[in-house]
Amino acid sequence: MKKLKPEELKKQLDSDASNLVIVDVRYALTDTDKGKQLYIESHIPGAIYLHMSHDLSGEAEEHGGRHPIPNTEEVSKRLGEVGINQDTMVVAYDDKKGSFASRLSWQLHYLGHEQFSILEGGYEAWVKAGYPTTTDIPTYPEKTFIPSVRKEERVTREDVIQRLGSSDSILIDARAPERYAGGADSLDAKSGHIPGALNYFWEDLLDDSGNWKSGAALADHFKALPKDKEIIVYCGSGVTACPNVFALKEAGFHHVKLYSGSWSDWVSYEDSPIETGR
């Protein structure tokens, strides 16, 4: 996954931004309309807003998790409406250390799109650099987004069940250590983790300045994992697992998949086994 520094994005905007769409995906799990309100108040010039729940997730049901992967035709139509097709350069940003920007990037990749980047440091870094913001809401000519779904990038609960105890697959839990261990969880009905999962907290992918670690540092971070195994990453709802998916690939792992329903899907089934402790 490509990362852009604020000065690099500013340079693009000042030169030729004719094939560039900036996407603001600010969002709060506990206040789902906050991100849209922040966008209305101020955003990077030229940025459009995509809502994590309404635009980038399907409708939450009994199973499937809190942010289920949306219907391919519907999300492709929405992307086209805001001016994105296979050839469009997309730069995503948020205010949550790149977690929601990573989810959008993963979805683009899943749909066969490759021209995407994440803004390093998000909206805060842009403002801190002294670059302009606006309240103007842009519109772009509608395009046709033709998906080419990479089904091999994603697994379901049934796939995970089949792999439990297998020496050929490794489960990675990207949530904070206290949630992984079984501490109080305000987001999901049950706490703990999928049996056998290893805990690699996604925020550990960031350096002290809040930027993504280098490829060499990421390789060191994941050095205990074998590269010839299938690695399945999950989190609470398929959002913060995405940074780990991209980081593992950058570190040289080639068999990385997302359990998109993640923990919120797992605990929606009464018979799902659960482990606690570190």
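Is Cys235 buried or exposed in the predicted model? Cys235 counts as buried, at 1% relative accessibility. Cys242 is likewise buried, with a relative accessible area of 0%. The sulfur atoms of Cys235 and Cys242 do not form a bond, because the sulfur of Cys235 lies 6.7 Å from that of Cys242, its closest cysteine sulfur, which is too far. The relation holds in the other direction, since the cysteine sulfur closest to that of Cys242 belongs to Cys235, again at 6.7 Å. A pair would count as a disulfide if the two sulfur atoms were within 2.5 Å. In keeping with this, a search of the whole structure returns zero disulfides.

Cys235 also appears among the contacts of Trp263, a residue of helix H10 (residues 262–266). Trp263 is buried, with a relative accessible area of 0%. Leaving aside neighbours within four places in sequence, the contacts of Trp263 include Tyr234, Cys235 and Gly236, together with Lys190, Ser191, Gly192, His193 and Ile194. Arg175, Asp185, Asp188 and Ile274 are also in contact with Trp263. By comparison, the C-alpha atom of Glu73, 190 residues away along the chain, is separated from that of Trp263 by 26 Å. Helix H10 also contains Ser262, whose phi is near 55 degrees, a positive value in a residue other than glycine. Ser262 counts as buried, at 0% relative accessibility.

Strand S5 (residues 116–119) places Phe116 and Ile118 on one side and Ser117 and Leu119 on the other, and all of these residues are buried. In a regular strand the side chains alternate between the two faces of the sheet. Strand S5 runs parallel to strand S1 (residues 2–4), to which three bridges join it, and Leu4 stands opposite Leu119 in this region. Strand S5 is also joined by three bridges to strand S4 (residues 89–93), again in parallel, with Ala92 opposite Ile118. The chain passes from S4 through H4 to S5, and this β-α-β crossover is right-handed.

Ser117 illustrates the surroundings of S5, the strand in which it is located. Ser117 is buried, with a relative accessible area of 2%. Not counting residues up to four places away in sequence, Ser117 touches Lys2 and Leu4, as well as Val90, Val91 and Ala92. A further contact of Ser117 is Ser105, which is one of the buried residues of helix H4.

Helix H4 (residues 99–110) comprises twelve residues and reaches 16 Å from its first C-alpha to its last, close to the 16 Å expected at 1.5 Å a residue. Twelve of the twelve residues of H4 are buried, so the helix is largely enclosed by the rest of the structure. Among them are the nonpolar residues Phe100, Leu104 and Leu108, and also Arg103, Gln107 and His109. An α-helix has 3.6 residues a turn, so residues three or four places apart point the same way. Positive phi values occur on either side of H4. In the loop between S4 and H4 lies Lys97, which has a positive phi of about 65 degrees although it is not a glycine. Lys97 is partly exposed, with a relative accessible area of 48%. Just after H4, Gly112 takes a positive phi of about 100 degrees.

The largest nonpolar core has 52 residues, and those with the most contacts inside it are Val23, Phe222, Leu225 and Val233. Leaving aside neighbours within four places in sequence, Val23 is in contact with Val90, Val91, Ala92 and Tyr93, and with Leu104. Ile48, Leu50 and Ile84 are also in contact with Val23. A second, separate core of 13 residues includes Leu20, Ile22, Tyr39 and Tyr123.

Elsewhere, an open sheet of five strands has the order S6-S10-S9-S7-S8, with parallel pairing. Its edge strands are S6 (154–155) and S8 (198–199), each of which pairs on one side only. Strand S6 is joined by two bridges to strand S10 (residues 256–259), and the two run parallel. Within this pair, Val155 stands opposite Tyr259 of S10.

Definitions and conventions:
Residues numbered from 1 in each chain as written. Predicted model: local features only at pLDDT ≥ 70, side-chain atom pairs only at ≥ 80, totals over all residues. Heavy atoms only, no water. Buried < 20%, exposed > 50% of the residue type's maximum accessible area, 1.4 Å probe, protein only. Helix = DSSP H or I, 4+ residues; strand = E, 2+ residues; numbered from the N terminus. Expected span 1.5 Å × (residues − 1). Pairing = 2+ DSSP bridges. Right-handed = clockwise from strand over helix to strand, strands pointing away. Contact = heavy atoms within 4.5 Å. Core = buried A, V, L, I, M, F, W, Y, C linked by side-chain atoms within 4.5 Å.
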